[in-house]
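Biologist: I should like to understand this protein chain step by step. Please begin with the terms that are needed, and then let us turn to the structure itself.

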Amino acid sequence: MGGDLAGRRVLVPESRELDLFASMLEAHGAEAVRCPLIAMRDVEDPAPVEAWLRRLAEGRFDDLILLTGEGLRRLMPIAKRMGIDGTVVEAIGRLRTVTRGPKPVRALRELGLSAQVTAPAPTTAGVIEALAGLDLSGRTVGVQLYPDNPNLPLLDAIRAADAVPDPVLPYRYASDVETDRVEAAIREMADGRIDVVAFTSSPQVRRFQDVAKARALEEQLRSGLSRTRIAAVGPVVAEAVEAAGARVWVAPESSFHMKPLVNAIRGEFRAG
């Protein structure tokens, strides 16, 4: 198949939208090497989430921070099981809502709602910057967190503004494949058989690190990341890549989605 990515092997460590992302790359001639790493699961104990939703429905929040679209989408089925989903939507509609990036904005639109404040960058620092322009004194702020990140800097920033954060963690991450498949991907990168690895979330990077440590492949992972072009969907993922001691080859300049990521990869190969 012809195309900007013809003959290129692109490792795709995606999960929820694995086939969609792979098909985007394949449409431009790439061989997409599928390696699903992260799956999203409901929390094992829903009681804290249910209690948080009751507080939301009772109007006990003044502001709401949504860090991920997945978080809101996980909250609504729980609210429906509780029989308060309509009340929750109405309650969110009355709040001043702050979003970290485009995904929670889309999740709000699915409910017929919109964000009042959007962070200037889809990062914790971006959310904190957005909050700096708001009067939070004496207010209670609901904060939707995401797994593996208690986001203490954000909660501390809310407290420093004389407000009370009320966090909720509505889902968890689970490994989505056998460790053997991840090990094989690390070895392929180390052997120079992968042209690009395209990361779409920071837990994917950590999953590689965890497997490398467990299988005594840390040197192979360092080698693989150094010789493989690394594409990152946005700044949060880029930070995780850099924290792993690697360098990002390309990332979209704006609009941090899969399609802009594919186009950024294509543009680098055309230019190179």
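Modeller: Helices of at least four residues and strands of at least two are runs assigned by DSSP, numbered from the N terminus. Please bear in mind that this is a predicted model.

Biologist: How many helices and strands are there in the protein chain?

Modeller: The numbering begins at the N terminus. Counted in this way, the protein chain holds 12 helices and 11 strands.

Biologist: Which radius of gyration does the protein chain have, and why does it agree with a compact globule?

Modeller: The chain has 272 residues, and for a compact globule of that length one would expect a value near 19 Å. The value for this chain agrees with that expectation, because its radius of gyration is 20 Å.

Biologist: What share of the residues in the protein chain is buried?

Modeller: A residue counts as buried when its relative accessible area is under 20%. Among the 272 residues of the protein chain, the buried share is 50%.

Biologist: What share of the contacts with a separation of 6 or more comes from residues 24 or more positions apart?

Modeller: A contact requires heavy atoms within 4.5 Å. Of the contacts in the protein chain with a separation of 6 or more, those between residues 24 or more positions apart make up 69%.

Biologist: Are the residues on the two faces of strand 4 buried or exposed?

Modeller: Strand 4 spans residues 63-66, with Asp63 and Ile65 on one side. Leu64 and Leu66 lie on the other side. Both faces are covered, and the four residues named are all buried.

Biologist: Which residue of strand 5 stands opposite Leu64?

Modeller: Strand 4 and strand 5 (residues 96-99) run parallel and are joined by 4 bridges. Within this pairing, the residue opposite Leu64 is Thr97.

Biologist: Which residue of strand 7 stands opposite Ile65?

Modeller: Strand 4 also pairs with strand 7 (residues 140-144), in the parallel sense and over 4 bridges. Here the residue opposite Ile65 is Val143.

Biologist: Why does Asp148 count as exposed?

Modeller: Asp148 lies in the loop between strand 7 and helix 7, and its phi is positive, near 65 degrees, although the residue is not glycine. A residue is exposed when its relative accessible area is over 50%. Asp148 therefore counts as exposed, with a relative accessibility of 57%.

Biologist: What is the phi of Asp162?

Modeller: Asp162 is located in the loop between helix 7 and strand 8 (164-168). It is a residue other than glycine with a positive phi, near 65 degrees.

How values were computed: Residues are numbered from 1 along each chain as its sequence is written. This is a predicted model: local features need pLDDT of at least 70, side-chain atom pairs count only at pLDDT 80 or more; totals for chains, interfaces and linings use all residues. Side-chain values use heavy atoms; hydrogens and water are left out. The radius of gyration is taken over C-alpha atoms; the globule rule is 2.2 Å times the number of residues to the power 0.38. Buried means under 20% relative accessible area, exposed over 50%, partly exposed in between (1.4 Å probe, protein chains only). Two strands pair if DSSP finds at least two bridges between them.
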